[in-house]
Amino acid sequence: MRIDLHTHSRASDGTQTPAELMHAAARAGLDVVALTDHDTAGGWAEAERAAGEAGVTLVRGIEISTRYRGRGVHLLAYLPDPTFPPLVEQLDRILAGRSSRVPAMIERLRTAGVDIEHDDVRRAAQGTAATGRPHVADALVSRGAVVDRSEAFRRYLSPGRPAYVDRYAAPLVEMLRIVAEAGGVSVVAHPWGRHGRELPDEATFDQLAGLGLAGIEVDHQDHDLAARDRLRAIASNLSLVVTGSSDHHGLGKLDHELGCNTTEPAAYERLLDLAAAASARSGRATPGVVR
Ligand code: AMP
Ligand code: ZN
Ligand code: FE
Ligand code: FE
């Protein structure tokens with residue numbers, strides 16, 4: 001059984017529609033795929049309709065932008081009730097922060113000598129509530145300022161580059177609680193991907209486990225073999241579930257092909273059991289898996 005628990009569609013910054021993604025997952029030989037767009041469940045309904053036709057099992061999730069001790073942490077929330085009011089409220093705040101920073105980024109690009117219009121970004125972000133830097137990158141590509149998203153991030157959009165603008169992220173500890181109360185389970189995405197190794201460290205993961213964290217995304221393209229080994233050991237010490245995923249973005253991110261990392265069936269079953277328990281405790285109508 002091949003299981004990939006982290007992918008993006010055009011409902012955020014992937015380049016495939018949710019339906020295209022379900023069919024691509026089937027072609028890639030996946031049995032189970034999670035749709036985890038940034039900060040929105042907007043792609044769920046379409047993916048749900050397409051999953052059966054494509055012949056893949058769909059796990060509905062959201063990759064939520066959170067912050068912990070000043071650092072950005074991407075939290076994968078699987079199978080939460082997306083109508084749980086505190087969750088809706090936090091996602092709305094994050095989405096508002098995403099939209100409101102676009103004019104500031106355009107202004108900074110202008111100062112850096114690159115002219116793009118808000119409409120270029122709107123066109124690139126069509127179909128998503130979660131406008132992000134990748135859409136600004138696409139706008140830069142469409143204007144011929146860069147050749148691809150990677151160059152756009154390298155030259156303009158990464159932290160420390162001229163057009164980088166920060167945005168709101170939900171407090172991690174609060175979000176762990178909200179996801180649990182929404183009947184879902186939480187896994188930290190690519191924890192050592194962007195800030196380098198050893199942060200969050202084992203003591204931090206221990207605290208987060210006490211606050212409801214269920215797992216760590218260990219096998220991810222942003223982790224080298226040494227980081228994976230170390231994270232696997234931490235997960236084992238703390239009885240956290242180990243996941244592996246592609247973080248596929250269609251053509252939007254190179255070297256993240258569907259199924260390039262996968263999750264062990266036993267780990268997947270454990271996550272489903274934890275989700276079922278959280279769902280029962282929450283008393284909420286949770287989405288469940290679409291087979
Ligand atoms: P944002 O959501 O606006 O903070 O932008 C972050 C998104 O940009 C994440 O989904 C990343 O996967 C994506 N991203 C970061 N660096 C790059 C890159 N070099 N090329 C393409 N996408 C990237
Ligand atoms: Zn993304
Ligand atoms: Fe991420
Ligand atoms: Fe992601």
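**Exercise 1. How far apart are the iron ion (ligand 4) and the zinc ion (ligand 2)? Then work out the iron site.**

Ground rules: this is a predicted model, with local features needing pLDDT of at least 70 and side-chain atom pairs counting only at pLDDT 80 or more, while totals for chains, interfaces and linings use all residues. Residues are numbered from 1 along each chain as its sequence is written, chains are lettered from A and ligands numbered from 1 in the order written, and side-chain values use heavy atoms, leaving out hydrogens and water.

Step 1. The iron ion (ligand 4) sits 4.4 Å from the zinc ion (ligand 2).

Step 2. Look for donors (N, O and S atoms within 2.8 Å of the metal, or 3.2 Å for Na, K and Ca; water is not among the atoms, so sites may look incomplete). H6 and H8 each offer NE2, E63 gives OE and D247 gives OD, at 2.1 to 2.2 Å from the iron ion (ligand 4).

Step 3. Along the chain, these donors read H-x1-H-x54-E-x183-D.

Step 4. Now the geometry: angles among the 4 donor atoms run from 77 to 161°, and the site is irregular. Four donors pass as tetrahedral only if all angles lie between 85 and 135 degrees; four count as square planar and six as octahedral if opposite donors are over 155 degrees apart and all others between 65 and 115, and anything else is irregular.

**Exercise 2. Describe how the domains are laid out.**

Step 1. The domain assignment (automatic or from a database) gives domain 1 as 3-93 + 172-282 and domain 2 as 107-157.

Step 2. Their C-alpha centres are 26 Å apart.

Step 3. Counting contacts (heavy atoms within 4.5 Å), 9 residues of domain 1 touch 10 of domain 2.
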